Amino acid sequence: MKKVLYLMLCVTVLAYSCKKNDDPNAGLREVKVQLAYPAGSSFGVAANVVVKANSGTVVYEDSTDANGLASFKLPVGIYELSATDNRSEGGTSYLYNGVKSGVTVTGSWISTDVVTLTLTESKASQVVIKEVFVGGTPKDDGSGAFIYDRYVLLYNNSATPANLDDLCFATVAPYNANASNAYYGTDGELTYKTQGWVPAAQGIWYFQTAVTIEPYKQIVVALTNAVNNTTTYSKSINFDNPNYYCMYDIDDFSHAATYASPAASIPTSHYLKSEKYGTGTAWTLSTTSPGLFIFSPQGTTPAAFAANATLTDVLGAYTSKKVPVEWVVDGVDAYLLNNTGNKKRLTPTIDAGYVYHLNNQGYSIYRNVDKAATEAIPGNAGKIVYNYQLGTVSIGGTTDPSGIDAEASIKNGAKVVYKDSNNSTNDFHMRSKASLRTN
Amino acid sequence: MRKRLIFIVLFSGLIQTAFSQYTLSGKVLGGRKQTPVSFAIVSIPALDLWATANAKGEFSIKEVPAGNVSLTIEYLGYEKKTYEFILRRDTTDLIFILNEFNLQLDEVLVTARKKAASLTTSYVIDRTALDHMQMLNVRDATSLLPGGKTNQTNHLATSSAQPIAVNGTSGEMGNALFGVAVEVDGVRLSNNAIPGKTGSDTRNIASSNVESIEIITGLPSVEHGDMTNGMVRITTRRGKSPLTIEMMTKPNTKQVAAGKGFGVGHGRGVLNMNLEHTRSIASLTSPYTTYVRNNLTLQYSNTLQDKQRQPIFIDFGVTGNLGGYNSKSDPDLFVNTYSKQQDQVLRGNASFKWLLNKRWITNIEFTGTVNYNNQLSEVSRNRSAASSVAAIHARREGYNVGQLHDENPAADLILIEPGYWYERSYDDSKVLNTSARFKANWSRKWGAVNNNVLAGGEYAGSGNKGAGQYYADMRYAPTWREYRYDQISSINNYAWYVEDKVQWQSGRSLLRVAAGVRGDLVSVSGSEYGGVNSLSPRITGEWVFWEKARQKVRDLSVRAGWGKTVKLPSFSVLYPEIGYRDFLTFAPGTTSDGKTFYAYYTMPSTRLFNPDLRWQQNIHQEVAVNANVNGTKITLTAEQDKTRDAYTSTGIYSPFTYKFTGQSSLEQSHIPIGNRTYTVDQQTGVVTVTDKTGAQPTETLSYREITRFISNRKQVNGSPVLRRRLSWIVDFRQIAALKTSIRVDGNYYYYKGIEETVTTYMPNDNATMADGNPYKFVGFFTGGAVSANGSVSKSVNVNFTTITHIPAIRLIVSARIECSLYDYSQNLSEIQGQQRGFVLDNRNANDPSVSKSNIYAGDQFAGVYPDYYVSLDDMNTPIPFAEKFSWAKTNDQFLYNELAKMVVKSNTNYYFNPNRVSFYYSANIGITKEIGRFASLSFNATNFINNLSRVRSSWNNAAVSLFGGSNIPAFYYGLSLRIKV
């Protein structure tokens with residue numbers, strides 16, 4: 001009899017635990033987000049601005065009403081709120097970005113509570129980072145990835161020539177997005193966000209000679225091993241090209257495996273120079289989740305800027321220089337795919353979002369095409385190639401929502417305008433094959 | 001208790017003179033059937049007299065002085081017994097019956113015991129305790145010391161050695177592990193010929209064959225030298241014993257062992273043989289990386305009697321071990337990549353002890369030992385490159401340009417061609433330690449005074465017969481230089497010592513004093529150090545107020561000791577490996593097929609002889625009190641170690657100029673890249689390009705000169721290190737009704753090490769200044785260019801152990817709680833007791849704070865300036881740093897920016913905060929059950945409650961889980977079975 005009673009009790013408990021919850025909104029909290037535009041700005045709140053709430057695993061989206069208010073129904077959790085608004089006036093493109101991390105929605109959340117998301121204003125850049133390839137390519141013998149074939153493509157996203165005088169490359173601290181980040185204060189915000197600077201860790205690189213990029217053209221900058229890597233690694237990159245640039249300054253960075261003597265075809269005038277103020281024999285741009293930005297020093301030279309001891313910021317193992325945000329030309333903040341420890345490093349004015357990245361597979365971080373702007377260029381008609389196939393959605397990554405195959409279009413004679421909203425979430429995707437790969 | 005001792009002594013007759021001598025003889029019987037215990041050792045330790053029982057169990061000791069006699073009888077497998085009586089006449093009819101050792105005895109110890117009648121702080125762990133704790137590595141035994149903690153490494157399959165720590169830990173200054181002496185059956189496992197300054201690996205010692213382990217934390221006899229941080233003496237099984245088969249299983253380790261001791265013919269001695277196989281895996285999830293121990297030990301002993309009945313005890317032992325570390329079968333590794341290290345051992349010992357018992361001499365003893373340890377390691381890595389890789393093998397100073405292996409296999413600079421290859425490297429270390437010892441003692445008794453003089457000499461040699469590092473295929477050998485251990489002279493040490501022990505009895509009181517001195521002469525042929533002498537005086541004394549008194553305090557004694565020990569230098573100190581600095585001097589552009597021809601300038605470092613180098617030494621002081629209060633035994637020991645002259649090194653910088661030729665010099669070349677042949681003048685570094693076709697004339701390339709510092713290492717003596725320990729053991733009287741006894745042991749440990757040696761520093765010797773030139777300043781820091789030049793730590797660890805021993809059912813159950821009551825540490829920055837460095841107002845400041853001065857005030861950043869610096873422009877003029885830096889701030893921005901690179905700052909604002917870790921504990925249980933007379937089963941579990949609590953650190957106010965941390969061992973368990981046939 002006892003056994004029967006126990007059995008009935010178990011069945012009852014099981015049945016109750018399997019009971020379907022009929023209310024789809026059960027457990028959800030209403031969260032209102034109010035966008036706040038910077039004081040003095042020509043633009044203010046408007047309808048249909050997309051606001052995102054990212055839990056780390058799920059991204060919720062809503063559009064603002066005419067008062068700039070978005071409304072979500074969110075499960076209890078911790079969210080990162082973000083919004084990007086792109087406006088134009090007098091031929092100048094203004095970007096409004098905002099990010100607010102660590103917004104905790106608890107069970108006691110009151111639906112009348114409004115979270116204010118403050119936007120910062122920036123302008124679109126003439127020179128943009130078109131592609132970042134740092135993750136390495138699989139070796140032919142199957143023993144892992146070859147990681148010394150990194151490069152960056154800079155692109156002139158305008159119709160006028162772009163001068164790269166004194167343009168500097170910098171890596172943000174910490175190197176990996178999922179590393180412990182001591183720059184976060186107790187309020188959950190980056191401490192330098194309100195101070196108007198961003199840390200350039202370890203050292204910077206810059207062009208030694210005057211470099212100009214023609215409209216809608218790119219230059220290749222090999223970050224490491226600027227040789228023909230494909231003789232050994234068939235899926236790797238061949239940098240043996242007289243038009244390419246490379247980072248090579250063995251007085252500062254002498255790590256032999258990272259800095260082979262560049263291909264003889266690359267003129268030494270194309271070698272970038274470094275200024276090192278941290279430690280290490282190789283410049284560190286993360287292979288998993290790079291945080292890269294380019295900046296142009298104002299009123300000083302790269303060497304003088306790097307030497308200035310009063311601009312040094314030491315935090316833990318990182319020695320950085322404080323780069324004023326207004327100097328920054330472009331930046332991209334990458335997160336490691338399938339990792340919950342990622343944290344933002346670049347501030348909203350530079351990059352209000354992030355792009356997922358996965359290393360060791362030959363994938364790159366590639367900028368999305370501004371479809372409307374590209375299609376609007378006279379002469380592009382019939383040259384634009386659609387049906388882009390190199391996205392990585394199938395493995396959890398991203399793709400270019402424009403559907404335009406930029407590289408194929410360029411080969412076809414088109415002039416491509418890339419998306420530049422200072423928000424990597426909108427501007428970049430993870431490409432399944434770095435554009436300089438031939439195999 | 002069936003096996004009660006029957007001790008029949010018939011004493012009669014009158015007391016003759018105090019100097020009368022008599023014969024003491026009798027028979028030793030043992031076991032259930034009371035059969036003769038042949039080879040049982042009967043001794044009178046105070047007089048250094050001894051005898052061995054013959055096949056009939058008979059023994060005889062002649063010329064024993066009249067008076068109080070303390071007689072000890074012991075043998076493998078039997079309970080050790082001590083009897084005290086007054087000898088007044090020849091006594092020839094003694095019969096001793098020894099009990100077989102098993103859990104039916106009333107007193108069985110599963111903890112460390114304080115060594116009886118020892119004049120130093122020494123603990124002994126017997127076989128029963130080792131079985132009960134399921135020791136896998138002899139270093140596990142240190143957990144049974146007062147306040148000891150269970151070892152957190154629960155397997156043997158680590159890629160690095162597992163040395164034993166006694167006084168001090170690996171994180172402390174003063175080479176704490178290097179200073180520990182380890183002996184197995186008198187064979188010293190010397191670490192002097194092991195590359196580096198580390199302790200001896202103890203994994204190759206068969207744990208199943210260990211009979212007892214003595215750990216001396218105090219001052220050892222002058223017989224023992226070459227140590228500063230304690231001594232471990234391991235004794236393996238010897239004597240007759242039944243066939244014993246042991247099996248042990250732990251999650252990571254399986255062990256099977258068999259041992260037996262048997263007579264070799266009639267009266268021809270006893271041979272004890274032990275065989276052990278142990279296999280340990282590194283990971284349960286990937287059980288392929290292993291450490292294997294296959295150990296065979298043969299131990300022969302015999303006693304020869306001459307006509308004058310002056311016995312000679314001879315003892316021979318040989319141990320062999322095959323095995324080591326191996327990851328080759330790990331499928332997680334890339335094909336044909338692995339790491340292996342052999343751990344092959346051949347250990348031998350031979351000793352002859354002759355009891356002469358003359359008026360002028362009592363015993364003489366000869367001992368010879370040899371220890372050979374082959375630790376050949378092999379590592380296979382897969383490599384690949386997209387362009388030529390420079391592999392520099394040059395050993396002479398000068399410029400070298402790369403050559404292909406096919407063209408010149410002996411080239412100083414080989415260019416490994418692009419592609420894929422395997423790099424198989426070996427490190428061949430074959431340590432050979434030998435020793436020969438002679439000692440003699442002379443024991444006399446005058447009335448109430450016993451005097452024992454010990455004198456002896458010792459030779460010990462430490463060498464290495466290994467070839468050092470080498471590669472299977474030189475075509476793929478990376479940058480590397482041969483450093484053959486077998487071409488380094490052995491370190492020979494000649495020692496002498498003399499010691500006098502006096503014992504004086506007055507009524508119930510007893511005074512014992514031992515004073516001695518040891519002299520070591522280290523002979524280092526082939527080294528500038530030549531021969532170096534050192535003296536180690538030691539004195540200890542004990543006053544026993546009374547023993548076995550019928551009063552509340554039954555026993556009471558006080559002991560004190562002072563002495564010096566010396567740790568001899570290792571290879572790394574005497575023959576530091578020559579370092580090579582290789583500067584890239586020519587880097588032509590890489591061809592399309594990945595080829596380039598680098599040139600390097602090689603500068604060998606110089607071994608700088610330090611005529612003032614002193615051998616590392618330790619001054620030890622100790623005071624101990626032993627008491628028995630109403631059956632509760634109390635031991636309290638206070639020790640202090642001050643280690644001086646620890647071996648360390650510093651860099652000596654000197655300027656150096658070389659020529660660099662870059663690709664820019666080739667851009668104007670008229671010779672097509674495919675036709676170029678590069679040559680570099682070995683002395684001048686000037687590069688010329690020749691046209692292979694002869695179509696173009698030879699070109700000499702332009703270059704730029706670079707001047708920078710290079711560093712040579714110099715061995716120096718470090719600053720003193722202070723350690724203090726207060727240890728206690730309280731063994732409460734057994735609660736008879738529960739058959740349970742309780743032990744509370746613990747220690748208070750204090751460590752302070754401050755390094756005040758002035759060392760040189762460059763912020764980054766590969767860095768350039770703002771003007772593009774190499775960094776040209778060298779700073780001199782007292783205590784080194786580090787935020788903290790030392791640390792202090794204090795801890796209180798207490799262990800509570802309950803032991804329930806039920807002889808009737810042959811069962812012992814123990815539970816032990818290991819508590820950390822106090823765990824404190826703090827980084828220090830000091831010079832001669834005064835604060836070194838200053839407070840920074842924020843992490844980016846370079847100047848001392850105006851408003852704050854105490855770096856220990858909490859939550860603030862701190863900085864250190866060099867005392868002074870020198871510049872490449874003038875190496876002979878030291879410039880005070882602080883003054884110049886302050887001046888440069890307003891007068892020379894360039895200098896200020898460059899000098900700022902030498903300001904050393906703490907990484908965090910809590911770096912100098914005290915670090916108090918909150919209370920934590922772990923609990924172990926052990927059960928040993930004998931199943932009849934022939935089987936015994938033990939189960940042991942560490943951290944059996946799987947403590948998952950969190951501890952908080954006051955350093956940064958962080959809380960961390962004990963799970964997976966470094967505070968307590970992980971939950972772990974093991975089961976072992978012993979069968980006697």
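Colleague: Let me start with the inside. By class, how many nonpolar, polar and charged residues does the lining of the largest cavity have?

Modeller: One thing first: this is a predicted model. The lining of that largest cavity has 13 nonpolar, 18 polar and four charged residues. The volume of the largest cavity is about 500 Å³, and 35 residues line it.

Colleague: Which residues lie nearest the centre of the largest cavity?

Modeller: Those would be B:Met133, B:Thr150, B:Asn924, B:Asn940 and B:Thr942. If you'd rather look at elements, go to chain B and pick out helix 1 (127–133), strand 50 (811–828), strand 59 (920–931), strand 60 (935–942) and strand 63 (972–980), since each supplies at least two residues of the lining.

Colleague: How many cavities of 30 Å³ or more does the structure hold?

Modeller: There are 11 of them. The second largest has a volume of about 130 Å³ and a lining of 13 residues, with B:Leu189, B:Ile194, B:Ser200, B:Asn371 and B:Asn373 nearest its centre. Sorted by class, that lining splits into four nonpolar, seven polar and two charged residues. Strand 21 (344–355), strand 22 (363–374) and strand 29 (430–446) of chain B each bring at least two residues to the lining of this second largest cavity.

Colleague: Strand 29 of chain B, noted. Now salt bridges: what's the general idea?

Modeller: Side chains of opposite charge can pair when their charged atoms come close. Over all chains, the structure holds 57 salt bridges. One of them joins the side chains of B:Glu183 and B:Arg437, at 3.8 Å from N to O. With a cut-off of 4 Å, that pair counts as a salt bridge.

Colleague: Where do B:Glu183 and B:Arg437 sit in chain B?

Modeller: B:Glu183 is in strand 11 (residues 181–184) and B:Arg437 is in strand 29, so to speak a link between distant parts of the chain, 254 residues apart.

Colleague: And how many salt bridges are counted between chain B and chain A?

Modeller: Two. In one salt bridge, the side chain of A:Asp313 meets that of B:Arg843, with 2.9 Å from N to O. Polar contacts add to the picture: 24 residue pairs are found across the interface of chain B and chain A, both partners at pLDDT 80 or more.

Colleague: Which elements of chain B supply at least two residues each of the side that touches chain A?

Modeller: Look for strand 23 (377–385), strand 28 (419–428), strand 44 (704–717) and helix 4 (893–899). Strand 23 of chain B gives the most, with three residues. By class, the side of chain B that touches chain A has 16 nonpolar, 17 polar and four charged residues.

Colleague: What area is buried between chain B and chain A?

Modeller: About 3100 Å², and carbon and sulfur atoms give 44% of that. The contact draws 37 residues from chain B and 44 residues from chain A.

Colleague: Last topic, the backbone. What should I look out for?

Modeller: Most residues other than glycine have a negative phi, and most peptide bonds are trans. Here, the peptide bond from A:Ala173 to A:Pro174 is cis, with omega near -5°. You'll find A:Pro174 in the loop between strand 14 (168–172) and strand 15 (197–207) of chain A.

Colleague: What is phi near for B:Gln34?

Modeller: Near 50°, which is a positive value in a residue other than glycine. B:Gln34 lies in a loop of chain B, between strand 1 (21–30) and strand 2 (35–36).

Note on methods:
Residues numbered from 1 in each chain as written. Chains lettered and ligands numbered in written order. Predicted model: local features only at pLDDT ≥ 70, side-chain atom pairs only at ≥ 80, totals over all residues. Heavy atoms only, no water. Contact = heavy atoms within 4.5 Å. Buried area = accessible area lost by both parts, 1.4 Å probe. Polar contact = N/O pair within 3.5 Å; in protein donor to acceptor, adjacent residues only side chain to side chain. Helix = DSSP H or I, 4+ residues; strand = E, 2+ residues; numbered from the N terminus. Nonpolar A, V, L, I, M, F, W, Y, C, P; charged D, E, K, R; others polar. 1 Å grid on protein atoms, 1.4 Å probe; cavity = no way out; pocket = protein on both sides within 12 Å on 5 of 7 lines; lining within 4 Å. Points joined across faces, edges and corners; volume = space filled by probe spheres on them.
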